[in-house]
Amino acid sequence: MNHDITTSAPWRALSSHHAQVATLHMRELFRNSPERAIAFSLEAAGLFLDYSKNRIVPETMQRLLDLARTADVEGQRDAMLAGAIINNTERRAVLHTALRRPASQALVLDGTNIMPGIAEVQRRMRGLVDALAGGHWRGYSGQRITDVVNIGIGGSHLGPCMATDALRAHHRTGLRVHYVSNVDPGDLSHTLATLHPESTLFIVVSKTFTTQETSANAQAARNWLLQSFGDGRAVASHMIAVTSNVEAAQRFGIEPANTFEMWEWVGGRYSLWSAVGLSTACAVGGDAFAEMLAGAYAMDSHFQQAPLEMNMPVALALLGVWYHNFFGAESLCVVPYDESLRHFPAYLQQLDMESNGKRVDRAGRPVQTSTGPVLWGGTGTNSQHAFFQLLHQGGRLVPLDLLVGLRNPRPIADQHDILVANCIAQAEALMRGRTLDETRREMRSSGVEEGRIEQLAPHRVFPGNRPSNLIVYPELTPRVLGALIALYEHKVFVQGAIWGLNSFDQWGVELGKQLAGTVLRELQGGAQVEHDASTAALVALYRSRREAGDAGD
């Protein structure tokens, strides 16, 4: 669909509907509709979603669903899952979902069933993981590998790093897994300081094998190995590549047998399910990684088969459109009440903001509405003592997604009860708020004198009516994590479909990378080119101060 969604009848109807419901308070909606919590809740793939604490009535969701159908969300979904070329600017299919579907379900792309190739890579991944865990893969000096270092950036880092940390209660192989992404030399140096070359294996993850930050860190890791072994043949025993450029990896010293294929139809931020997730598999083992794929596939099946009215990714997506485009909410806050998901908001930042942070539609025309909210967050309960002040009493409307597990795999006394109580209570407090009269009564019951009450009461009022979704899961297992990630993948897709975007390219990262190459040559002594006055002054400052430092000043 290429026409402007803001000119459609459902969009205009939503604008009128917003004017009618914008002043309603959720505490009144709950008072008038006791069944609200049941009406606005869904279950899918082991997840439970309570979206009753939103500024909606049944008519709201119906009008949002009309918008989704006008945007042909179902048709765009089916096209993606069938392997159509929906990434039109790069002329690619978008088939990260194929990586988690059963191998027996054929999927033909350009006349070839791609499922056997996927199964073969998965077989090789499991073989490597088993060899490392069993001590059969040995380093150049014959020592057993104890540490695995993933070198990548963006989707080659954020996904596997998040998943490995999220599943730390399920690490089974005895391997310690580390992540290096920043070209800042302190990142790699800090990691290598505690490792030994004889027992370390590097996984270099780069689709093109030319990404600047990854190439720099990979070369530094290679030099670290050579300094220890003094023999270039050692690289083959201590470095693995995940790339589509086998030739470049081979020139680097990594054997083709130690190279795992990446496909053009998998974007970086959707690549955790491929060999990009090899480091995660190294930590949790082949069975657990397969369980993560199975959880994602369960959510894929729900997304594909459930009617829009009962579709969890669709519900989250439509609520996001409702707040972003009709209430003017500029951001979405994600707060997992699960320390294992501490990297999840950062992972979602790339997934959402790189996918839908676009100003033109699929046809290259400027979109007529805001797209891609700013996504941010942190873990509960730490966040309550940091930025929740703004969420409760600030002047901005910030919708929230709260996530919590019913069980913790490593319970201590009643701490998990405290955690869950805080999560549920925050959702209630954000929704209910506290009026001026309620504040005064509470202060009087606490024995506060009348004069002091009038001074302090305005500071203790909470407006409430702050929307939140609560996503509940039994326990953070590999299967649950897979479903959770896929839920947000599909949510982002639906929003992109409504806004008319190509959610699968990322041209916005290119300009800065190109200019960095020019600036780098200048910083290292190359001829200067014409810049704006600020950029030219900063280049000159760096060069003069670095040279002065080299001279001992």
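Q: How far apart are the end C-alpha atoms of helix α20 (residues 478–499), and what span should its 22 residues have?
A: In this predicted model, where helices (H or I, at least four residues) and strands (E, at least two) are DSSP runs numbered from the N terminus, the expected span of a helix is 1.5 Å times one less than its number of residues. For the 22 residues of α20 that rule gives 32 Å, which agrees with the distance between the end C-alpha atoms, 32 Å.

Q: How many of the residues of α20 are buried?
A: A residue is buried under 20% relative accessible area, exposed over 50% and partly exposed in between, with a 1.4 Å probe and protein chains only. By that cut-off α20 is mostly covered, and just after the helix glycine 500 takes a positive phi of about 80°. Of the 22 residues of α20, the number buried is 21.

Q: Which element gives the most to the largest nonpolar core?
A: A nonpolar core is a set of buried Ala, Val, Leu, Ile, Met, Phe, Trp, Tyr and Cys residues joined through side-chain atoms within 4.5 Å. The largest has 124 residues, and those with the most contacts inside it are Trp265, Phe344, Leu481 and Ile498. The element that gives the most to this core, with 14 residues, is α20.

Q: Which residues does phenylalanine 344 touch?
A: Contact means heavy atoms within 4.5 Å, and side-chain values use heavy atoms, with hydrogens and water left out. Phenylalanine 344 is among the residues with the most contacts inside the largest nonpolar core. Not counting residues up to four places away in sequence, phenylalanine 344 touches Met162, Pro336, Leu403, Leu484, Ile485 and Tyr488.

Q: In what order do the six strands of the open sheet lie?
A: Two strands pair if DSSP finds at least two bridges between them, and the pairing in this sheet is mixed. The edge strands, each pairing on one side only, are β1 (41–44) and β11 (374–377). The order is β1-β2-β13-β12-β10-β11.

Q: Which residue in β13 is the bridge partner of leucine 49?
A: Strand β2 (residues 47–50) and strand β13 (residues 468–473) pair in the antiparallel sense over three bridges. The partner of leucine 49 in β13 is isoleucine 471.

Q: What angle does the direction of helix α17 (residues 415–432) make with that of β12?
A: Axes are lines fitted to C-alpha atoms, for helices over the stretch in contact, and angles run from 0 to 180 degrees between N-to-C directions. Helix α17 packs on the sheet and touches β10 (331–337), β12 (400–405) and β13. The angle with β12 is about 155°.

Q: Is threonine 97 buried or exposed?
A: Threonine 97 lies in the loop between α5 (73–82) and β3 (108–109). Not counting residues up to four places away in sequence, threonine 97 touches Leu81, Asp300 and His490. Because its relative accessibility is 7%, threonine 97 counts as buried.

Q: What is the radius of gyration of the protein?
A: The secondary structure comes to 22 helices and 13 strands. The radius of gyration is taken over C-alpha atoms, and the globule rule is 2.2 Å times the number of residues to the power 0.38. For 553 residues the rule gives 24 Å, so the protein is as compact as a globular protein of that length, with a radius of gyration of 26 Å.

How values were computed: Residues are numbered from 1 along each chain as its sequence is written. This is a predicted model: local features need pLDDT of at least 70, side-chain atom pairs count only at pLDDT 80 or more; totals for chains, interfaces and linings use all residues.
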